[in-house]
Amino acid sequence: MITSTKLTVKTFGCFSIKRQVGENTLIISESDNVSRKLWGLIQYLIIFRKRGVSRGELIDAFWGDDFSGSPDNSLKALIFRARRALTALDFPDGKEIIRAEGNGYRLNNTICFDIDSEKFEAYSNRAQTEKSPAKKLENAKMALRLYDGDFLSSSSEYAWAATLNVYYHSKYLKLCKSTVSALADKNNFEEIISLCKRALIIEPYDEMLHCALIEAFTETGAMQAAMRHYTYIIDLFISELAISPS
């Protein structure tokens, strides 16, 4: 029987699940030698853990209409492997983690999940709804720190993961730009430089962020850095996109 425990889940960048057991930190991640479909199943069960998922839904999500064998047997085998993979987090019985429920499966609801994408969503929403400019900015910064790469990039071949990735990526860029504007109003150009450098690693072709970085360089007197970045943008857009930036 699983007693209440917490799993820390990283969905941005490299997917991983972490559990603290006494003084030991146990981690499983997509860098382990496990199939992408197995990771995808675990991810799906975590993301949609607040409701049970039917076998038919899982078969549609991971096999679609192209599967010619027995998808139900393949799903059972994948569930077995997923349960075994999760026991590496020092759970005694995988069946107590991924439970059969009705015509489908559900994660044990006594497990507490601390998930970066859900915290990102919460901080982003607070950044929009807070009335205090200081609190808006504080929540925006907290959200931006959590986003360090695509959402579940190892599962990008699946429509459900790709759709959520587009959603989070768009939300991240929008938050970056509103935060740049708020920082510019406070003349915090050093913070703008740091924010834009990080954001442009994630989204290298966003002209607004490039412009904001150049302007922040000039405002801090770093004219050579501004010119170098301007030249870099011209070369990047012409060589990679075969267009000149606006």
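This report walks through the sheets, helices and aromatic pairs of a predicted model.

## The three-stranded sheet

Let's start with the smaller set of strand numbers to keep track of: strands 4, 6 and 5, which line up in that order as an open sheet with antiparallel pairing. Strand 4 (53-54) and strand 5 (98-101) sit at the edges with a single partner strand each, so one side of each has no neighbour in the sheet.

Strand 4 is joined to strand 6 (residues 104-107) by two bridges, in the antiparallel sense. Going residue by residue, S54 has G104 as its bridge partner in strand 6, and V53 has Y105. On the other flank, strand 5 and strand 6 run antiparallel and are joined by four bridges. Here Y105 turns up again, as the bridge partner of A100. So what does Y105 do in the sheet? Y105 is a bridge partner of V53 and also of A100.

Strands 5 and 6 make a hairpin, with two residues between them. One residue to look at in the turn is G102, which has a positive phi of about 60°. Lying across both of these strands is helix 3 (residues 71-86), which runs at about 145° to strand 5.

## The four-stranded sheet

The other sheet to look at is open too, with four strands in the order 3-2-1-7 and mixed pairing. Strand 3 (24-29) and strand 7 (111-115) are its edge strands, each pairing on one side only. On average, neighbouring strands here are turned by 25° against each other, direction ignored.

Inside the sheet, strand 1 (residues 5-10) and strand 2 (residues 16-21) run antiparallel and are joined by three bridges. Within that pairing, K10 stands opposite S16 in strand 2. A helix lies across this sheet as well: helix 4 crosses strand 1 and strand 7, at about 65° to strand 7.

While we're in helix 4, have a look at A122, which is placed there. Is A122 buried, partly exposed or exposed? Its relative accessible area is 29%, so A122 counts as partly exposed. A122 also gives a feel for the distance to Y105: the two are 17 residues apart in sequence and 27 Å apart in space, C-alpha to C-alpha.

## Helix 1

Helix 1 (residues 36-47) has 12 residues. From first C-alpha to last it reaches 16 Å, close to the 16 Å expected at 1.5 Å a residue. Nine of those 12 residues are buried, so helix 1 is largely enclosed by the rest of the structure. The buried set includes W39, Y44 and the leucines L38, L41 and L45. G40, I42, Q43 and I46 belong to the buried set too.

## Aromatic pairs and a cluster

There are 17 aromatic pairs in the model. Two of them are set out here.

| Pair | Ring centres | Angle between planes | Kind |
|---|---|---|---|
| F120 and Y147 | 5.7 Å | 50° | tilted |
| F151 and Y168 | 4.9 Å | 40° | tilted |

Why do these count as tilted? A pair is tilted if its planes are neither under 30 degrees apart (stacked) nor over 60 (edge-to-face). The planes of F120 and Y147 are at 50°, so that pair is tilted; those of F151 and Y168 are at 40°, so that one is tilted as well.

What does the F120 and Y147 pair tie together? F120 is in helix 4 (residues 116-129) and Y147 in the loop between helix 5 (133-146) and helix 6 (159-185), so the pair ties together parts that are 27 residues apart in sequence. Both rings belong to buried residues: F120 has 0% relative accessibility, and Y147 has 0% as well.

The F151 and Y168 pair links distant parts of the chain too, with F151 in the loop between helix 5 and helix 6 and Y168 in helix 6, 17 residues apart. F151 is buried at 1% relative accessibility, and Y168 is buried at 10%.

Both pairs fall into one aromatic cluster, made up of F12, F120, Y147, F151, Y167, Y168 and Y172.

One more ring deserves a glance: R19 lies over the face of F91, at 4.2 Å from the ring centre.

Terms used: Residues numbered from 1 in each chain as written. Predicted model: local features only at pLDDT ≥ 70, side-chain atom pairs only at ≥ 80, totals over all residues. Heavy atoms only, no water. Pairing = 2+ DSSP bridges. Contact = heavy atoms within 4.5 Å. Axes fitted to C-alpha atoms, helices over the stretch in contact; angles between N-to-C directions. Phe/Tyr/Trp six-rings, centres within 6.5 Å; stacked < 30°, edge-to-face > 60°. Buried < 20%, exposed > 50% of the residue type's maximum accessible area, 1.4 Å probe, protein only. Lys NZ or Arg CZ within 6 Å of the ring centre and 35° of its normal. Expected span 1.5 Å × (residues − 1).
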